[in-house]
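Please look over the structure shown here before reading on. The briefing after it deals with one helix and with the salt bridges.

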Amino acid sequence: MSLWSLDSYSPAARRSIRLDLVACAVAVLLVLVVSANFTSPVRLLLAAAFTFFVPGRAIVTNWPRMSRWSAVGSSVVFSVGSLTLLSTLLLWAHYWHPLGLFVAAAVASLAGLITGIIRRQRSETVGDEW
């Protein structure tokens, strides 16, 4: 079963994979834009999309019961909550470094998203309920 052939997946798994791939694309594009020091409205839009969606999607994609409620809504809640918690902890620890927080969140989110995609592909191959 190939990831590129989404026809063999259930409709819910197809939707989840598409959301995961969009989140991966946003994270990678924002990392590239930030590393190139490119300033434009595109960077602002990518930063907003990352902040409100990507870290939460990495959590929800690995927590199947949560995605049954609302894949996008849960992603927004967990994304804003986790980034707020991490920012607060870094401020309290007197280690405020926004770029470091972004890089850590981007790497952790990409790892979570890729893990979720692989786990979903394996479970669809076996026939388990993801």
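What follows covers the model, then helix α2, then the charged pairs.

This is a predicted model, in which local features need pLDDT of at least 70 and side-chain atom pairs count only at pLDDT 80 or more, while totals for chains, interfaces and linings use all residues. Residues are numbered from 1 along each chain as its sequence is written, and side-chain values use heavy atoms, with hydrogens and water left out.

**Helix α2**
- Helix α2 runs over residues 41-60, and its 20 residues reach 28 Å from the first C-alpha to the last, close to the 28 Å expected at 1.5 Å a residue (the expected span being 1.5 Å times one less than the number of residues; helices are DSSP runs of H or I with at least four residues, numbered from the N terminus).
- At F50, α2 bends by about 45°, the bend being the angle between axes fitted to the seven residues ending there and the seven starting there.
- Among the buried residues of α2 are L46, F50, F53 and R57, where buried means under 20% relative accessible area with a 1.4 Å probe, protein chains only.

**Salt bridges**
- A search of the whole structure finds 2 salt bridges, each defined as a side-chain nitrogen of Lys or Arg within 4 Å of a carboxyl oxygen of Asp or Glu.
- In one salt bridge, R57 pairs with D20, with the closest N and O atoms 2.7 Å apart; this pair links distant parts of the chain, as R57 lies in helix α2 and D20 in helix α1 (residues 11-35), 37 residues apart.
- D20 also meets R120 in a salt bridge of 2.9 Å, N to O, and here D20 in helix α1 and R120 in helix α4 (residues 98-126) are 100 residues apart.
- Through shared partners, salt bridges join D20, R57 and R120 into one network.

**Burial of the charged residues**
- R57 counts as buried because its relative accessible area is 0%, D20 is buried at 0% relative accessibility, and R120 is buried with a relative accessible area of 1%.

Technical notes:
Helix = DSSP H or I, 4+ residues; strand = E, 2+ residues; numbered from the N terminus. Buried < 20%, exposed > 50% of the residue type's maximum accessible area, 1.4 Å probe, protein only.
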